[in-house]
Amino acid sequence: MGGLKGQHIVLIVGGGIAAYKAPDLVRRLAERGAEVRVVMTRGAEHFVTATTFHAISHHRVYHSLWDTETESGMAHLQLARWADIVLVAPATAHLIAELAHGFAGDLATTLALATDARLVLAPAMNRRMWRHPATGINVETLAARGARILGPATGELAERESGPGRMLEPVEIAQALDGAGPLAGKRVLVTAGPTEEPIDPVRFVGNRSSGRMGYAVANAALNAGAEVTLVSGPTALAPPSGAKLIPVRTAGEMAKAVDEHIADNELFISVAAVADYTPKQPAKDKIKKTGKTLTLELVRTPDILAEVAAAKKRPYCVGFAAETTDVVEHARAKLREKKLDLICANRVGDEHGFGREDNALVAISADGETDLGHGSKQVLAERLIALIAERLPHESG
Ligand code: PMT
């Protein structure tokens, strides 16, 4: 996303308890050289006062669409033109819904509709509200239009519940916007999702991967400042804004896309559930129901990760291992066989893994294991990226 020096940021403060962190966010953005103007929603005024923002930003704070102090009461147009980035923090469920549907009932939503600036949201809400399909669709709508979504983190929430919904810390938001995270300047290629191997024009051999884990890893790498290429099998997910998406269908297409884009990447994270076998000769026409049995001849697909790891000039290689039994032992064997730097073992088939929002991961390298714990895929991805960032400069080959 580039540096923040000289960038004009309009910070829209939504009406949630995390609004108490917004004054610190103004300070963190200013420390990095950004100029910040604050717009408070009516809800935000219940949690924090305009005086605080005025004192920290050294500028007047905007509240109303009908502000006579601003020349001809056109604050929304002035701010919309002035902004390079419109940052919504905290982005409440209500504000996200209004933005997704293009409502323009107050200064915050009107200026968001009137601007060409980049929209960035730091969601914060109760975990049930975050997981509600309505919120999910609204977030996906905004992301599909190019909005960048930072967080939320998982942890203790205001109502003493735990789960996803915490606003990222101000320093993390400022860091992510500044492109100054621990992977700043690094190029990362991530594979995600399933592959579909055609049997005939209407059928395929597939698997249950939703792409969530891989997309979370891509998002975490972006938040850490990396330039991210995401090679993805078919999923129903909106790609993280800022990533270069290369959609593929089969293992063969994924291998080709990785081969074409891997040069100059310092890090390769292979989260995709790649089919190990593909039908030798997909039928040209739909196979008819004739015999009692049907035999398909399958042939091995290329092992994309092993091939990248075997190359002379290779990035730091991270694999994933989905196992149902002896999870760590099997993952360790794959680490050795594929000559990887790190592998993340996850148990699949019970309460974790494929398709679910939560996961549990153990990162394994030649020198030991790190338990990344259990949690949302986004939180685990952030932990994994932090671990990789610590190791990257020392271990990449
Ligand atoms: O997508 P989700 O629903 O969120 O689920 C996430 C996940 C369970 C799919 C993910 O966390 C995961 O474990 N992905 C790897 C699953 C897997 O297929 O593992 P594997 O043991 O078959 O392969 C080991 C490694 O080699 C993986 O990094 C895989 O991407 C890679 N591989 C495998 C086969 C192949 N032909 N080419 C590869 O690159």
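Student: Why is E35 called partly exposed?
Tutor: In this predicted model, E35 has a relative accessible area of 34%. Partly exposed covers what lies between under 20% and over 50%, so E35 belongs there.

Student: And what makes R37 buried?
Tutor: R37 has a relative accessible area of 12%, and buried means under 20%, so the word fits R37.

Student: How do you know that E35 and R37 meet in a salt bridge?
Tutor: Their side chains come to 3.3 Å, N to O. The cut-off is within 4 Å, so the pair of E35 and R37 qualifies.

Student: Why is the pair of D178 and R32 called a salt bridge, too?
Tutor: Here the N to O distance is 2.8 Å, and the rule asks for within 4 Å, so D178 and R32 count as a salt bridge. D178 lies in helix α8, while R32 lies in the loop between α1 and β2, so the bridge ties together parts 146 residues apart in sequence.

Student: Which word fits D178, buried or exposed?
Tutor: Buried: D178 has 14% relative accessibility, and the limit is under 20%.

Student: What makes K256 exposed?
Tutor: K256 reaches 53% relative accessibility, and exposed means over 50%, so K256 counts as exposed. K256 also meets E260 in a salt bridge at 3.3 Å, N to O. Both are in helix α10, four residues apart, so about one helical turn separates them.

Student: How do you know that the charged end of R60 sits over the ring of Y62?
Tutor: The charged end of R60 is 4.5 Å from the ring centre of Y62. The distance limit is within 6 Å, along with an angle of within 35 degrees of the ring normal, and R60 is listed as sitting over that ring.

Methods. Residues numbered from 1 in each chain as written. Predicted model: local features only at pLDDT ≥ 70, side-chain atom pairs only at ≥ 80, totals over all residues. Heavy atoms only, no water. Helix = DSSP H or I, 4+ residues; strand = E, 2+ residues; numbered from the N terminus. Buried < 20%, exposed > 50% of the residue type's maximum accessible area, 1.4 Å probe, protein only.
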